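Let's take a walk through this protein together, one region at a time. Have the sequence and the 3D view open as you read.

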Amino acid sequence: MIELREVTKVYKGQTVPAVDRLSLKIPEGETCVFVGPSGCGKSTTLRMINRMIEPTSGTILINNKDIRESDPDRLRMGIGYVIQQIGLLPHRTVAENIAIVPRLYGWPKEKIRKRVDELLELIGLDPETTRDKYPSQLSGGQMQRVGVARAMAVDPPIMLMDEPFGAVDPIARNYLQDEFLRLQREMRKTICFVTHDINEAIKMGDRIAIFNKGRLVQYGTPHEILTRPANEFVSDFIGYDRVVKKLGLYRVADLAGPAGCVAREGELPEIGRLMREKESDVAFLVDAHGRPCGFLTTEDIGGMGDEISPQSLMQKALGRRGAFAQREMVLRDALSLMLEYDTEYLGVLNGGDLAGVITLSAIRKHSCRKEGE
Ligand SMILES: Nc1ncnc2c1ncn2[C@@H]1O[C@H](COP(=O)(O)OP(=O)(O)O)[C@@H](O)[C@H]1O
Ligand SMILES: [Mg+2]
């Protein structure tokens, strides 16, 4: 656990504090994201945790021990540190870069060699073709991965990450974020992660600390911050799309209900009766192999009056072939699909199988739900 108590930093020659009476507790195994505009004190805070910068006043504790009691070099060896500029040594190979801290610990050569390969595998790089390359021979995304591997080399329980994915293009960044989330689910390290991007904060953080001008303005889970912004600064920083952002936190499986009515092509002439029997507003059409290929709603059937031809029903249903969402899809993307297909329903898939239905009304209820309900 990391705890900051009334920590203040005033840089030499400055009158305004870069960090102002900051108090914060980061529970073990969680990712805490520091977010806020440029210059608000995020990096300064991070660098005080590994004593690269000393606070002007206040106390920082790691596992209830004041970090001033630890030797700074020792302390830093036990804390992984990743920065945006990556900081790989250009004249050292990938393997040598990753081995820096294990060497400081005096690990035997063989143990280091094994660990380097293991880390390269872990971060998705091929050890065979990567370990002897120099940083300049790597792409930005690959360098960033090596930076992360280096920080994890001795498996430190704490990682400090300062805009770690800031220098890579959006596609690579998204990929690195997903990979890192996957790793963190297993590693459960205590992580301080700095970003100026609120979307990245919401995606990566178990908790988010929002900074403004050296002060902590709000500290809470992404859900809390999106539901109850503490003040105008926070709500402006989040943006008007806060409900849509919140929909990014939840998945289709969280709100899916059972698919009430499932029919094959031959049953289309009686589809209205079938839906009434099942008391279902939506009927899924499945092909000869039982795979879902579209759906119809009571509105479709009512709206077509007496002369409903099975062909037109079929066409209507097949027009929604794409209106299906995997269980893991976030609600934001599901909502987008509903808007795209102009429908209040989406079929829910588990792999290729129909697993239920999700409705616009369920998303609406979920979105306007008040905290605590
Ligand atoms: N070494 C330094 N000397 C003087 N002022 C600094 C130094 N480093 C940062 N600052 C100032 O402290 C404030 C906070 O900076 P920083 O922690 O880097 O912000 P952030 O990481 O949120 O962008 C800024 O006003 C910055 O100009
Ligand atoms: Mg910074």
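Which residues does Q177 touch, not counting residues up to four places away in sequence? In this predicted model, Q177 touches F165, E200, K203 and M204. You will find Q177 in helix α8, which covers residues 170-187. With a relative accessible area of 6%, Q177 is buried, because anything under 20% counts as buried. One of its partners, E200, is 23 residues apart from Q177 along the chain, and the C-alpha atoms of the two are separated by 8.2 Å.

F165 is a good stepping stone to another glutamine. Q144 sits in helix α7, made up of residues 140-151, and F165 is among the residues in contact with Q144 once neighbours within four places in sequence are left aside. The other contacts of Q144 on that count are V82, I83, Q84, I86, P164, V168 and L176. The relative accessible area of Q144 is 0%, so this residue is buried.

Two of those contacts, V82 and I83, bring us to strand β6, which spans residues 79-83. Because 4 of the 5 residues of β6 are buried, the strand is largely enclosed by the rest of the structure. What joins β6 to strand β7? There are 5 bridges between the two, and the strands run parallel, with β7 taking up residues 158-162. To see the pairing on screen, look for G80 in β6, which stands opposite M159 in β7.

Now turn to the ligand. Which residues surround ligand 1? The answer is Y11, Q14, A18, P37, S38, G39, C40, G41, K42, S43 and T44. Sorted by class, this shell has 4 nonpolar, 6 polar and 1 charged residues. Some polar atoms are worth picking out individually. A polar side-chain atom of T44 is 2.5 Å from an oxygen atom of ligand 1. The backbone takes part as well: a polar backbone atom of C40 lies 3.2 Å from a ligand oxygen atom. From Y11, an N or O atom in the side chain lies 3.4 Å from a nitrogen atom of ligand 1. Taken alone, ligand 1 exposes 560 Å², and the protein buries 57% of that.

K42, S43 and T44 from the ligand shell also lead into helix α1, which runs over residues 42-49. Is α1 largely enclosed or open? Since 6 of the 8 residues of the helix are buried, α1 is largely enclosed by the rest of the structure. The buried residues are K42, T44, T45, L46, M48 and I49. An α-helix has 3.6 residues a turn, so residues three or four places apart point the same way. Just after α1, R51 takes a positive phi of about 60°.

Next, look at the strands that make up an open sheet. The sheet has 4 strands in the order β2-β1-β4-β5, with antiparallel pairing. Its edge strands are β2 (19-26) and β5 (65-66), each of which pairs on one side only. Strand β1, residues 2-9, is joined to β2 by 5 bridges, and the two run antiparallel. Within that pairing, I2 has I26 in β2 as its bridge partner.

Two loop residues deserve a look for their backbone angles. K213 is not a glycine, yet has a positive phi of about 50°. The loop that holds K213 lies between β9 (207-212) and β10 (215-220). K213 counts as exposed, because its relative accessibility is 68% and the cut-off for exposed is over 50%. D342 is also a residue other than glycine with a positive phi, near 50°. D342 is found in the loop between α17 (331-341) and β15 (345-350), and its relative accessibility of 71% means it counts as exposed.

Our last stop is E265, in the loop between β11 (261-264) and α14 (271-277). Which residues is E265 in contact with, leaving aside its neighbours within four places in sequence? They are L285, V286 and M314. M314 is 49 residues apart from E265 in sequence, while the C-alpha to C-alpha distance in space is 7.4 Å.

How values were computed
Residues are numbered from 1 along each chain as its sequence is written. Chains are lettered from A and ligands numbered from 1 in the order in which they are written. This is a predicted model: local features need pLDDT of at least 70, side-chain atom pairs count only at pLDDT 80 or more; totals for chains, interfaces and linings use all residues. Side-chain values use heavy atoms; hydrogens and water are left out. A residue is near a molecule or strand if one of its heavy atoms lies within 4 Å of it. A polar contact is a pair of N or O atoms within 3.5 Å; within protein, one must be able to donate a hydrogen and the other to accept it, and residues adjacent in sequence count only if both atoms are side-chain atoms. Accessible areas come from the Shrake-Rupley method with a 1.4 Å probe; for residues, only the protein chains shown count as cover. Ala, Val, Leu, Ile, Met, Phe, Trp, Tyr, Cys and Pro count as nonpolar, Asp, Glu, Lys and Arg as charged, and the others, Gly among them, as polar. Buried means under 20% relative accessible area, exposed over 50%, partly exposed in between (1.4 Å probe, protein chains only). Two strands pair if DSSP finds at least two bridges between them. Contact means heavy atoms within 4.5 Å.
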